[in-house]
Amino acid sequence: METFCQHIQIRDVDCEAGGLLLGSVHGTHMLIEQATVPTAWDKRFRYLFERMPFGHEAIAQSRWTTSQGTVRYLGEWHTHPEDHPHPSGLDRTEWKRLSTKRRDKRPTLAVIVGRKSLYVELVPNSGHGLVLTPVE
């Protein structure tokens, strides 16, 4: 939550931010242990965030290795410049792409950070998401 709060788009000049969600899986439960922060290679604009693989993937691989496979990729997060965020068509397309290509067939967690609440969706391997209750 600290990482999310540091990147909320409060001012009109603030660009979108985002990264990976890393953590562990316990049956049907996921424990988010880390949210990576934007890197210098990421593309950040007012209404667009494009995560580049450099940096994020190195962190994910390092965490996987040092945890002996218990800390893994759980999903993605990014911000929107709105109080109560909703996914765009591009967000949904990307989440579906990421979810369907997962080798472990686990659902992908997708989080959008707004100014007052979070949008959280669990996207299964089929690509059709389950919206979880927004958090304020």
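**Close-up 1. W95, a buried tryptophan, and its stacked partner Y119.** In this predicted model, W95 has a relative accessible area of just 5%, so it counts as buried. Its partner in this view is Y119, and the two rings sit with their centres 6.3 Å apart. The planes of W95 and Y119 make an angle of 15°, which is under the 30 degrees cut-off, so we call this pair stacked. Y119 is buried too, at 7% relative accessible area. Follow the chain and you'll see that the pair brings together distant parts: W95 belongs to helix α3 (residues 89-100), while Y119 is in strand β7 (residues 118-123), 24 residues apart.

**Close-up 2. F4 and W77, a tilted pair.** Looking over the whole structure turns up three aromatic pairs, and this view shows the one made by F4 and W77. Here the ring centres are 5.2 Å apart and the planes meet at 50°, so the pair goes down as tilted. Again, distant parts of the chain are linked: F4 comes from helix α1 (residues 2-6) and W77 from strand β5 (residues 72-79), with their positions 73 residues apart in numbering. How buried is each ring, going by relative accessibility? F4 comes out at 7%, which makes it buried, and W77 is buried as well, at 1%.

**Close-up 3. R46 over the ring of Y47.** This last view swaps ring pairs for a charge and a ring. R46 lies over the face of Y47, at 5.6 Å from the ring centre.

Terms used: Residues numbered from 1 in each chain as written. Predicted model: local features only at pLDDT ≥ 70, side-chain atom pairs only at ≥ 80, totals over all residues. Heavy atoms only, no water. Phe/Tyr/Trp six-rings, centres within 6.5 Å; stacked < 30°, edge-to-face > 60°. Helix = DSSP H or I, 4+ residues; strand = E, 2+ residues; numbered from the N terminus. Buried < 20%, exposed > 50% of the residue type's maximum accessible area, 1.4 Å probe, protein only. Lys NZ or Arg CZ within 6 Å of the ring centre and 35° of its normal.
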